[in-house]
Structure formats: structure tokens, C-alpha cells
Amino acid sequence: MMKAQTIEEKQYLVRFNADTKSHLHVLDPNICLTKCPDKICTIFCPASVYKWEEVRMHVGYEGCHECGSCRIGCPYENIQWEYPRGGYGIVFRLG
Amino acid sequence: MPEKFDCIVVGAGPAGTACAYELAKAGVNVLLLERGEYPGAKNVMGGVLYRKMMEDIIPEFYKEAPLERPIVEQRFMMMDKESAITFSYKGLEWGREPYNNFTVLRAKFDQWFAEKAVEQGVLLVCETVAVECIVENGHVVGVRTDRPDGDIYADVVVLADGVNSLLAKQLGFHREWRPDEVALATMEILKLDKNIIEDRFNLEPNQGCTIEIFGDATKGILGTGFLYTNKDTLSVGVGTLLSGLIKHKIKPYELLEHVKNHPMIRPYIQGSEPVEYLAHLIPEGGYHSIPKVAGNGVLVVGDAAQLVNAIHREGSNMAMTSGRLAAETIIMAKSQNDFSESMLDQYRMKLMESFIGQDLKKYKDATHHFERFPQYFEQYIPMLNRAASQMFTVDGASKWEKQQKIWRDLGSTKQKFKLARDMMKAWKVMK
């Protein structure tokens, strides 16, 4: 059987040098709560950074691949997206 | 660090490094900024690097660069749930000089390329983010970095900051990309014994194979899967327009698992060990999405300028050539000490006259067409598979009967007309 099937297992394969503060910010948490039934970022984010926890969006920025999908894909442009500080964030070793 | 350079290049990927290399070679004083721990730390690509455009910069680079395998065979699979129609070209001329293309692992290759630029005299500074362009009197005069006292000045700034292209957006050269202008690709590097790779892909040592996968790899949504051979690893991945993932509510890593476990793909990768998982956006807006690429004191190159030919999976070659053309323009601008937009706009003209502008123009409506009309991937690929199965299955029915069955499978007269019309339209956007 193939290994690394779940996103958690896949993320274990990646090296991260996480900063102490997040480079991703939900601008208005109320929009996620009241206007966005799909919470689509929790689906298309390739690292499962966004997790809906009953009334608020949890942002696990430490595992971010810095792809930019959430900034572009959020239907309410509700995500403020910056690069992590120089040297921090994801460190690809191969591909 | 002196606070003024002739040129600052933001981003040490193929576009930025190519530009910096060419500038330094011509004696221009150039600073190359990279936000990663090392060049390549933030960069992802399926893995095909084209020889010609790289050799335009470093002749015979393949004698020393860290490459994986020269590609001698390119396969294309039109895949259904339990079947596939495969086309392939294999040519041994691709396995010897001058070669056509190679698989590479970007973290290794980008570091090597940047080192070559440093040998030419480029000052490479890693772990530094350019957070904005410094603009004075409508002219870009430098960049603000995230380092203390981090303002750095230059006659001209080259934005090679990749698909997200935040700096060009800040300058108003383009609006935010739409979800149908970017593809989200996920990929895994799988460790597998060299000999097993060569057996499974029918290769001699130091030969490589690429497989592009259409149809069920993306569950019918617009995109492709891919499987490439490296030295002792495989790169397997899948990319679809971000808009497609949103519309179909599909998790990209689950789509990757779908590809890996597909009965047409699984035998190739069985027994391999995943060693890295990567996600990245690919700019696929094409010709219509190319932003303004030249302004007063500034040029935009590579992914940041949407220079990707998604139909032929070409991107890093366009990046390198755009970097080289930007460098040519800057050298000319420097000789006349004129870094105005009207001078630097020669870069845009060079770009549009080159294969980059020509190819992007050729396919300017292709992605949008196939996105708007999902039936090509959803219906026609399975139809083609059924037709092949029908024709090649020997079951006592005559070939005429089989042809009639295939004809009936195309649907009502109305559906047949629609199919014919769709084929004409596809020809129009691809020709």
C-alpha cells in the first residue's frame, strides 16, 4: 500500500522553519462565520493550513507552503497574505 | 553592503538568476535577493528543464550542472477509470548532445545556477524579502527589504519574485490574479531504486521518461497529472486550475492520492518511498494575463509576468529567456543612461517577438476554452477509451458492427453535431 496518504503524513515529509508570528491573517473573522458556508479555503489549501473550529478559523501558518492559493481563492478577499520573514517558512530540499 | 547598485534582481529562480548572470557577465553591478534559506528553497517545478534556453546562458551546462536524467521518451495518457490510451515519442537523439530536456530537482539546480551567477560577480543575498518597491517621482529607485535599515537603491529593479508577483501588483502592473489564472499543483518525490525505475520505464541508465496524464487523473476537471523519472526518485504530481478545485470542492492532496492510486499509475510507483511533498501555484492565465512588464526603472520576468505555456508544460525556459532579454535591455539602457519606461519597453517588444510571445499568442484562448467547456475531459476522453476498447476487443462481432456501436455511443444526431462542433472549436484554439 502507498505511504503518506493523509495530509498529516505528507506534511511530515516537509522541512519548515516556522517564524514565531503568522504571515497569514484572516482580516474579518465575522465574514467566515456569517457569509461563507463552504469555508472553501479549508478544502483547497494544499497543506490544510485552514481549519474551521466551530466559530472561528484556525490558521496553522507553520505548515504553509506559501503557494498563495488562499489569497487568490478566498471568495471574500478576506486573507491578508505576506511572505514569511527572510529565511523562515517552508524549506524545499528536493523538488 | 553598498546602498546603491546598478541593478537589483528580486528572486533567485531561473528568471532572476538568468538575468543577474547575464548582467554581471557584462560588467553590471548587480544584487540578487532571495527570500529562501538558499536559492531553490521556495521553488517547485514538475521537473523538466529545457536545454536550449539554458545553453543560451551557459553553453554545455549539462557537463557540470546537477541534472537528473535526459528525457528520451515523452508519453501522453488519455486516461479513464480503468483504461488509458497512450501516445508516445521516444527518440535516442534526445539522449545525446545537444539533448532536448532534462529532469531536475529544483533545490539542487537553482543553487548551482545561482553559484554560477556569483562566479560572474553577482552579489547574492539570501533570507531577505523585498517587501515593496521604493518609488520616487513615478520611478522605481530601489526596494525595501525586511532587514533592519533595509532600503537598497538601484538604477533598475527586476521583479523575478514568482507567481504571486506581489511587487508588480503593488506597482499596479496587474490586479490580483483570478482563480482561473493560476493552477495549483501538488507533487511528491518518491524514492525508488535506479534499476527498478529503468525496468519499469523501459530505460537504459542515464535515460529518462516523462508521462503527462489527462482525463481521470483530475477526475475530469481541467488539469493534468504527471510522472517523471529522476535518477533514483520519481516526481508524481497533479495540477488543476484553482477555480476547478473550488468549483468541484476537491482537496488537492486527495486528488494527488487519487493519481498515485490509479490502476494505470500505481504499478509504476509501487514500493517507492515518499520523501518530500510540495505545493505551488503555476501562472496559467496565458497571453491575456501578461501584465505590464516594463515601467520607469523596473522590469518583470518569469512567472511574475505569467510567462508559462501550460499546453506544452514550458515555463522555466520562458523564465530564463525573459531574464536574458531583460538583461540585454538593461545593458542597452545603461549605455545610454536612460532607465525610463520608454527605453525599458524594448524588453516587452523583444519578449513578444521571441518564441515566448509567439507561443503564448498561439494558445491565448486554449485554457479558457477548455475551462468553459468541461466536456472534453469529462466526456470525450472516456468516449475515446470506450471506442478503443470496442474496436480492439475480439468478441465475434464484425468490425462493421463494432464501428456502428462506436457511432451509436457518440449519442443522438444532435449530440454528434455538438461533438463535431467541439472538435472544430478545439482545433481553432490550438492551431
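Select domain 2 and domain 3 of chain B: their C-alpha centres lie 26 Å apart. The domain assignment gives domain 1 as 4–68 + 104–175 + 288–353, domain 2 as 182–283 and domain 3 as 367–430 of chain B; such bounds come from an automatic or database domain assignment. What you see is a predicted model, in which local features need pLDDT of at least 70, side-chain atom pairs count only at pLDDT 80 or more, and totals for chains, interfaces and linings use all residues. Residues are numbered from 1 along each chain as its sequence is written, while chains are lettered from A and ligands numbered from 1 in the order in which they are written.

Chain B has an average pLDDT of 97, and 100% of its residues score at least 70; pLDDT is the predictor's confidence in each residue, from 0 to 100. The model has ipTM 0.97 and pTM 0.97.

**Stop 1: residues 367–431**

Now select residues 367–431 of chain B, which UniProt lists, in an unreviewed entry, as "domain: FixC-like C-terminal". UniProt positions are given in the numbering used here, feature names are shortened, and annotations may be inferred rather than shown by experiment. The span is 82% helix and 0% strand, and its end C-alpha atoms lie 13 Å apart. Helices (H or I, at least four residues) and strands (E, at least two) are DSSP runs, numbered from the N terminus.

**Stop 2: the sheet**

Next, show the strands of the open sheet of seven strands in chain B, with the order 5-4-12-13-14-11-15 and mixed pairing. Two strands pair if DSSP finds at least two bridges between them. Which strands stand at the edges? They are strand 5 (84–90) and strand 15 of chain B, each with a single partner strand, so one side of each is left without a neighbour in the sheet.

At one edge, strand 4 and strand 5 of chain B pair in the antiparallel sense over seven bridges. They form a hairpin with four residues between them. Pick Glu73(B): its bridge partner in strand 5 is Lys90(B). At the other edge, strand 11 and strand 15 of chain B pair in the antiparallel sense over 10 bridges. Here Val182(B) has Pro283(B) as its bridge partner in strand 15.

Add helix 14 (residues 375–392) of chain B, which packs on the sheet and touches strand 4 (71–79), strand 5 and strand 12 (208–215). Its direction makes about 110 degrees with that of strand 12 of chain B. Axes are lines fitted to C-alpha atoms, for helices over the stretch in contact, and angles run from 0 to 180 degrees between N-to-C directions. Two residues are in contact if their C-beta atoms, placed from the backbone, lie within 7 Å.

**Stop 3: two loops**

Zoom to Pro98(B), in the loop between strand 5 and strand 6 (101–103) of chain B. A cis peptide bond, with omega about 5 degrees, joins Glu97(B) and Pro98(B). Then go to Asn202(B), in the loop between helix 5 (194–200) and strand 12 of chain B. Asn202(B) is not a glycine, yet it has a positive phi of about 60 degrees. Most residues other than glycine have a negative phi, and most peptide bonds are trans.

**Stop 4: the contact with chain A**

Finally, show both chains: the contact takes 44 residues from chain B and 31 residues from chain A. Strand 15 of chain B gives the most to the side of chain B that touches chain A, with nine residues.
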